[in-house]
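Grab a coffee and work through these short exercises with the structure open beside you. Try each one before reading its solution.

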Amino acid sequence: ASGLPVSFLATGPVVQNGDSLRITGAGNVTVTALQHGNENYEADTVQQTFIVKKASQLITFPTVAPKLKIETATLNATASTGLPVNYAVVSGGATIFNNNQIKFTTEGLVVVKAIQAGNNNYDTASAEQTILVLGLGSLKEGVDIKIYPNPTPGPLKITLQHKKDRNYSFILFDKTGRQVATANILQGQTTTEVNFNLSGLRNDLYFLNVTDGVDKTMRIIVKY
């Protein structure tokens with residue numbers, strides 16, 4: 001109100017340059033405004049504190065193509081911050097070794113999580129992917145299904161034979177390991193059929209994984 005000059009003092013994760021502040025990290029920043037007064041006005045100070053939140057980060061987790069059970073794979077996730085990424089097996093038969101290598105112990109679906117734990121300035125971030133693991137020889141047949149037509153120009157009907165009162169999951173993968181179609185039949189539902197339309201997909205080989213939570217079946221689908 002006096003029009004006298006005001007100076008500032010900042011504490012916390014900031015660098016002060018005159019009246020400007022540059023944030024250097026997360027935490028509490030306190031700014032004090034000071035006016036020292038003169039022969040006509042008393043000195044006064046006003047203080048304000050604000051919170052600088054941790055910044056977010058993004059995990060990029062390149063898809064792992066379907067693997068044979070006897071193979072290993074390299075996991076190549078990266079964090080947008082450049083901080084190191086760790087891995088954990090969420091479900092399925094596999095183990096992590098040498099930091100970013102994965103070894104498979106059973107065929108089927110393996111879910112892997114890439115984790116960056118964060119630090120004082122960045123929040124934790126994670127990303128998951130599902131890897132299709134194939135056995136040697138014939139593909140595993142645990143869930144009795146009928147597929148028509150296969151090869152297919154697009155329409156694909158999958159019918160459960162001898163359906164049990166379980167939750168069924170149907171996932172179709174391309175050769176890079178990307179999920180291109182999914183469906184579910186829930187416990188208690190009477191339907192026995194799932195229909196996929198592959199017309200928009202390129203002509204190639206695809207891998208169908210069907211599981212009821214106990215048994216599983218994998219089939220190769222040919223799109224022409």
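**Exercise 1: a pair and its surroundings**

R202 is exposed, at a relative accessible area of 57%. This is a predicted model, by the way. Your task: find out which side chain R202 meets in a salt bridge, and whether that partner is buried or exposed.

*Solution.* Start from R202: its side chain meets that of D204 in a salt bridge, 3.3 Å from N to O. Next, check the accessibility of D204, which is 17%. Buried means under 20%, so D204 counts as buried.

**Exercise 2: a salt-bridge network**

Which residues are joined into one network by salt bridges that share partners?

*Solution.* The members are K164, R166, D212 and D215. Now take one pair from it: the side chains of D215 and K164 meet at 3.9 Å, N to O. D215 sits in the loop between β20 and β21, K164 in the loop between β16 and β17, and the two are 51 residues apart. Both ends are partly exposed: D215 at 26%, K164 at 39%.

**Exercise 3: the largest nonpolar core**

How many residues does the largest nonpolar core have, and which strands each supply at least two of them?

*Solution.* The count is 20 residues, and F170 is among those with the most contacts inside the core. The strands are β15, β16, β17, β18, β19 and β20. Then look around F170: leaving out residues up to four places away in sequence, it touches I158, A181, V194 and F196, among others. Finally, there's a second, separate core of 19 residues, including I59, A73, A114 and V133.

Definitions and conventions. Residues numbered from 1 in each chain as written. Predicted model: local features only at pLDDT ≥ 70, side-chain atom pairs only at ≥ 80, totals over all residues. Heavy atoms only, no water. Core = buried A, V, L, I, M, F, W, Y, C linked by side-chain atoms within 4.5 Å. Buried < 20%, exposed > 50% of the residue type's maximum accessible area, 1.4 Å probe, protein only. Helix = DSSP H or I, 4+ residues; strand = E, 2+ residues; numbered from the N terminus. Contact = heavy atoms within 4.5 Å. Salt bridge = Lys/Arg side-chain N within 4 Å of Asp/Glu carboxyl O.
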